[in-house]
Amino acid sequence: MKSQTLIAPAKINLALDVVGRREDGYHLLWTVMQSIALADRVMVEVGPDQEGIKITCGAAGIPSDERNTAWRAARLFMDAAKIQDGVHITLEKNIPVAAGLAGGSSDAAAVLAALDQLYPQHVSRELLFELAARIGADVSFCLLGGTALGEGVGEILTPLPAWEQLPILLCKPNFDIHTSWVFKRFRLSDAGSRPDHRAVLEAVQRRDLGALAEASGNVLESVSLKAYPELRRIKNLLTEADAALAVMSGSGPTIFGVFRDEHASAAAQVYLTKKLPEDTIILRSKTIADGPREDTPYVPFS
Ligand code: ATP
């Protein structure tokens, strides 16, 4: 038996716009995606002594059969690599579920990356990204990690200079929003102000948080913030707490604030914790430069 354990980072959308619709009804996006330190832990064990694909996950509400994104990733990889071994995946969920943070997508990306390491040279990098896109729109970005522009349904990626170490405060109220629900209700004509694409990209290139704040936005807020006024309140509280930028991630309901330094994000966490219901998830995190990576213990001064 062989095993590999990888960290599967969550993602946020620093900006998100809808630019059209595909013939099959899928919305075409323009979005800047960013990996953050908040992550699930994904252990993949393989070997001829294992049977089929098995998922172990302690978290509530996560399917452990073929509906699980990690299961689908394993099935696609093993078929593409033409390997008969069994796969046992253990998921340690830290990323809130159905939050707009791509938790399921990142688990799938980590399974693809782990299997690629366990069976090197069985699947080309190109095919690995093709399998990722087949699982879901965000899986390709999660496999790449860092900072990237996503187009198409999010799977056409252009890497951008990684914007690391930005302090983030994530705020998720105690309800889920499903992506399909938001897109069904989305009308571009009601979207209000849209992100300025060129200015967003320039801000990311220059790492200019003030310029990003002026140019950014998420058009899906026109659906989610209208349906859930609580989300507008969270956005306002983040701004009151000195966030340089406060935007919804993906289709929500997580709203995140980006801060100029760690002190500001720590103070904001205290402020929002006082103001919001107890069951709100309020987590500090930071932007990072990679996707799935090895879970190595921290060694100081190495
Ligand atoms: P995205 O931003 O990619 O749309 P999300 O953060 O909004 O993702 P997920 O946390 O990926 O949403 O979960 C969406 C649904 O997918 C959940 O209702 C859950 O039951 C199902 N699901 C399937 N596999 C997983 C997984 N490995 N982790 C979490 N949820 C999963």
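Asn68 places a polar side-chain atom 2.9 Å from a nitrogen atom of the ligand. This is a predicted model. Two further polar contacts involve ligand oxygen atoms: a backbone N or O atom of Ala98 lies 2.9 Å from one, and a side-chain N or O atom of Asp138 is 3.0 Å from an oxygen atom of the ligand. Taken alone, the ligand exposes 620 Å², and the protein buries 81% of that.

**The shell around the ligand**

The ligand takes up the space of the largest pocket. Around the ligand stand 22 residues; Asn68, Lys93, Ala98, Gly104 and Asp138 come nearest. By class, the shell has eight nonpolar, nine polar and five charged residues. Helix H2, residues 103-118, gives the most to this shell, with four residues.

**Asn218**

A second site is the loop between helix H7 (209-215) and helix H8 (221-227), where Asn218 has its place. Asn218 has a relative accessible area of 6%. Under 20% counts as buried, so Asn218 is buried. Its side chain makes polar contacts with backbone oxygens: Met248 offers one at 2.8 Å from a polar atom of the Asn218 side chain, and the Asn218 side chain reaches that of Gly250 at 2.8 Å.

The polar contacts of both sites are listed here.

| Protein group | Partner | Distance |
|---|---|---|
| Asn68, side chain | ligand nitrogen | 2.9 Å |
| Ala98, backbone | ligand oxygen | 2.9 Å |
| Asp138, side chain | ligand oxygen | 3.0 Å |
| Asn218, side chain | Met248 backbone oxygen | 2.8 Å |
| Asn218, side chain | Gly250 backbone oxygen | 2.8 Å |

Conventions. Residues numbered from 1 in each chain as written. Predicted model: local features only at pLDDT ≥ 70, side-chain atom pairs only at ≥ 80, totals over all residues. Heavy atoms only, no water. Near = heavy atom within 4 Å. Polar contact = N/O pair within 3.5 Å; in protein donor to acceptor, adjacent residues only side chain to side chain. Areas by Shrake-Rupley, 256 points an atom, 1.4 Å probe, with all protein chains shown as cover. 1 Å grid on protein atoms, 1.4 Å probe; cavity = no way out; pocket = protein on both sides within 12 Å on 5 of 7 lines; lining within 4 Å. Sits in = over half its atoms within 2 Å of the grid points. Helix = DSSP H or I, 4+ residues; strand = E, 2+ residues; numbered from the N terminus. Nonpolar A, V, L, I, M, F, W, Y, C, P; charged D, E, K, R; others polar. Buried < 20%, exposed > 50% of the residue type's maximum accessible area, 1.4 Å probe, protein only.
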